[in-house]
Amino acid sequence: EQLIAKSIAPVKPQFLRPPPSSVVAKEKKSKRQLKRERQQEKKSSVNLCPELAKTGDVNSCPYKNNCRFNHDLEAFKAQKPEDLEGECPFCPYGLACRFYGTHKKQISEINGLNKDVQKLLWKNKMKFLKADSVLKSLGLEVRPQKKAKDGSLKLHPREKKLIDFRGKLYLAPLTTVGNLPFRRVCKALGADVTCGEMAMCTNLLQGQASEWALLRRHSSEDLFGVQICGAYPDTVTRTVELIDQECTVDFIDINMGCPIDIVVNKGAGSSLLTKPMRMKSIIEATSGTVEKPITVKVRTGYFEGKSRIDSLIVDIGKWGASAVTIHGRSRQQRYSKLADWDYIYQCARKAPDSLQVLGNGDVFSFVDWNNHKSDCPELSSCMIARGALIKPWIFTEIKEQRHWDISSGERLNILKDYVRSGLEHWGSDTKGVETTRHFLLEWLSYTCRYVPVGLLDVIPQRLNWRPPSYYGRDDLETLMASDSAADWVRISEMLLGKVPDAFTFAPKHKSNAYDRAENG
């Protein structure tokens, strides 16, 4: 009881060990230095020209001496690491593939950015007939854009396509770690609904390939949405029309709860919670532009102690949203303290029948899920975020109504599945391997917080409990419990081979700080 009061996981005494000595962090490199190193690396023998890798012919590259990449085939072969075990998931990489000789071609992802559309976006020549027409009909500002000849498009009443979220296990959109390979893992473990990582509307409208990659969908994601974030009605509405034209999605979620400073300072994310008329304009315009359901994700309010979503919940339904997810914390709280589920229940009971309300915050076991559903039958479902990052098998636990005392070997198999999906998604050449490693390490910075069921005096584990230093039931379980980046790297080497020379890793999300995780 004393440990739980201090938010420390009550691990059985026989498994406890002294905490490891702290390691002094290395000095962080400047952005300019990192950019210079990246440019130098491109010309090194490690980065073979993609065209040369495919054909094996030095003359096949259209850029010749102006190519950014290396053309020395012999130097590349001399330094290329040994191939990884297993078969290539698919391969456009030729000689650069780390599974060279076992090539297969299989495309199982959709929602890529069409090159012709990308060029129109780059040149600001993309037409948004529906979006601009709806914005005008609502009397909202449409910022400068070349008008199409048919600018008088009339809207007709339409039947909205609806999604029933009731009882479905919804994996939250999670920045950085909620990538496509991670979502595939969660789907295999029982998730029903998945959603892409938050994408910024302005970047999508500019045709940025890296932002469009966040909208990609795997064939296993049978109920899939994308989450977008923007500050102004015209920007968000045009983005919604563009996604409706170019992507195959089941719903579009608008983020109005992201607490990150860089997003809030632009007037997007949880900044919108202070501007209800702006919220109204965005929801009305987007829901009037496309037939797909428009959903919204919000927090309780902007400032702690000044919750306001309960006063807007009826209006959100009237404005045209099909569902709203309420994260039970304010923007000011970010991820500190426990989520306020009583307030979420209050909002769910006030909501009109046409608006589905989902709760979000600290769901970490089937007990949490059951309690929320029984405490408030009006709640459609619960969105699972950090709980899935720490233990993605939470979806299995909820469906099978059990505490899964998962072994270290079973956890390693889940990591293997992730790596296979990562190589298929990011590529099987050296760059793809290292990208997969990077995102694997980001994920491991969360999974180390899991304490096996068999080691706890009290179950289930709570999301805010800090694990003490402890020994696992075998060496692998002990390694997986480490909060040291060096140990995460060791795990990655078990799956992806040795790291490059001078490799370093620092997690982006500082997840082991327990009060912060930069996702919307």
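**Reading strand β6 and a pocket**

Strand β4 (residues 199–200) and β6 pair in the parallel sense over two bridges.

Colleague: What am I looking at, and how are residues numbered?

Modeller: This is a predicted model, where local features need pLDDT of at least 70, side-chain atom pairs count only at pLDDT 80 or more, and totals for chains, interfaces and linings use all residues. Residues are numbered from 1 along each chain as its sequence is written, and side-chain values use heavy atoms, with hydrogens and water left out.

Colleague: When do two strands pair?

Modeller: They pair if DSSP finds at least two bridges between them. Helices (H or I, at least four residues) and strands (E, at least two) are DSSP runs, numbered from the N terminus. Take β6, residues 224–229. Strand β3 (residues 194–195) runs parallel to β6, joined by two bridges. There, Cys195 has Gly225 as its bridge partner. On β4, Met200 stands opposite Cys229 of β6.

Colleague: How many bridges link β6 and β7?

Modeller: Four, again in the parallel sense, with β7 spanning residues 251–256. Ile228 stands opposite Ile254 in β7.

Colleague: What unit do β6, helix α10 and β7 make?

Modeller: A crossover is right-handed if, with the strands pointing away from the viewer, the path from the first strand over the helix to the second runs clockwise. Here β6, α10 (residues 233–246) and β7 make a right-handed β-α-β unit.

Colleague: Are the faces of β6 covered or open?

Modeller: In a regular strand the side chains alternate between the two faces of the sheet. Buried means under 20% relative accessible area, exposed over 50%, partly exposed in between (1.4 Å probe, protein chains only). In β6, six of six residues are buried. Phe224, Val226 and Ile228 lie on one side. Gly225, Gln227 and Cys229 lie on the other.

Colleague: Why does Cys195 count as buried?

Modeller: Because its relative accessibility is 1%. Cys61 counts as buried at 1% too.

Colleague: How many disulfides does the structure hold?

Modeller: A disulfide is a pair of cysteine sulfur atoms within 2.5 Å. The structure holds zero.

Colleague: What lines the second largest pocket?

Modeller: A pocket is an open set of points on a 1 Å grid where a 1.4 Å probe fits, with protein on both sides within 12 Å along at least five of seven lines; lining residues have an atom within 4 Å of a point. This pocket has a volume (the space filled by probe spheres set on the points) of about 380 Å³. It has 14 lining residues, and those closest to its centre are Leu84, Glu85, Phe99, Val419 and Leu495. Helix α18 gives the most, five residues.
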